[in-house]
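Hi everyone, thanks for making time for this. I'd like to walk you through one structure, and please keep the viewer open while I talk.

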Amino acid sequence: PQQRFYQTFKYVFAITFGQQEEMFRAARAVRALHDKVNGKLPEAVGPFAEGQPYHANDPAALYWVAATLEETSLLVY
């Protein structure tokens, strides 16, 4: 978990505090990593039905994750 934290926040900090080219480079890297994460839910989860497709680059999910990670990084800073 600690390594995952460091890897995640390396990108969060680059996007939040980096210069423009660093921000774009980090965003492209996150996009490439998320392109590989997709599938169908093996069982129902909350309001999501079994078999519903998912992908890590879903805009609503990305927005929520980015907002929570950036808010956390600013609060910690």
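Let me start with a definition: helices and strands here are DSSP runs, at least four residues for a helix and at least two for a strand, numbered from the N terminus. With that in hand, you can find G51 in the loop between strand 1 (38-40) and strand 2 (53-55). Please keep in mind that this is a predicted model.

Let's stay with G51 for a moment. Is G51 buried or exposed? Neither, in fact: at a relative accessibility of 31%, G51 is partly exposed, because that class runs between 20% and 50%. G51 and G39 are 12 residues apart along the chain, and their C-alpha atoms are separated by 8.7 Å.

Now on to the aromatic side chains. There are five aromatic pairs in the structure. One of them is F5 with F9, a tilted pair with 4.8 Å from centre to centre and 35 degrees between the planes. Why are these two separated by about one helical turn? Because F5 and F9 are four residues apart in helix 1. Their surroundings are worth a look too: F5 is partly exposed at 43% relative accessibility, whereas F9 is buried at 9%.

F9 also pairs with F13: the ring centres are 5.4 Å apart and the planes are at 50 degrees, so this pair is tilted. Here again the spacing is four residues within helix 1, about one turn of the helix. If you step back, F5, Y6, F9, F13, F17 and Y77 belong to one aromatic cluster.

F13 has a further role in this picture. Helix 1 covers residues 2-17, and F13 is found there. Together with F17, L74 and Y77, F13 makes up a nonpolar patch on the surface, with a combined accessible area of about 490 Å². Why can F13 count towards such a patch? Members need over 30% relative accessible area, and F13 is partly exposed at 38%.

Next, the pocket. The largest pocket holds about 680 Å³ of space. Its lining counts 22 residues, and V30, H34, L62, V65 and L69 are the ones nearest the centre. Which elements give two or more residues to that lining? They are helix 1, helix 2 (20-35) and helix 3 (59-76).

That brings me to charges, and helix 2 comes up again. As a reminder, side chains of opposite charge can pair when their charged atoms come close. How many salt bridges does a search of the whole structure find? The search finds three.

E21 takes part in a salt bridge with R25 at 3.9 Å, N to O. The cut-off is 4 Å, so that pair qualifies. Both residues sit in helix 2, four residues apart, about one turn of the helix. E21 also meets R28 in a salt bridge, here at 3.0 Å. On accessibility, E21 is partly exposed at 45%, R25 at 48% and R28 at 48%.

The remaining bridge joins R31 and D35 at 3.4 Å, N to O. These two are also four residues apart in helix 2. R31 is partly exposed with 46%, and D35 with 44%. As for networks, E21, R25 and R28 are joined into one by salt bridges that share partners.

That's my tour, and I'm happy to take questions.

Conventions
Residues numbered from 1 in each chain as written. Predicted model: local features only at pLDDT ≥ 70, side-chain atom pairs only at ≥ 80, totals over all residues. Heavy atoms only, no water. Patch = residues over 30% accessible without salt bridge, like charges linked within 9 Å, V, L, I, M, F, W, Y side chains within 5 Å. Areas by Shrake-Rupley, 256 points an atom, 1.4 Å probe, with all protein chains shown as cover. Salt bridge = Lys/Arg side-chain N within 4 Å of Asp/Glu carboxyl O. Buried < 20%, exposed > 50% of the residue type's maximum accessible area, 1.4 Å probe, protein only. Phe/Tyr/Trp six-rings, centres within 6.5 Å; stacked < 30°, edge-to-face > 60°. 1 Å grid on protein atoms, 1.4 Å probe; cavity = no way out; pocket = protein on both sides within 12 Å on 5 of 7 lines; lining within 4 Å. Points joined across faces, edges and corners; volume = space filled by probe spheres on them.
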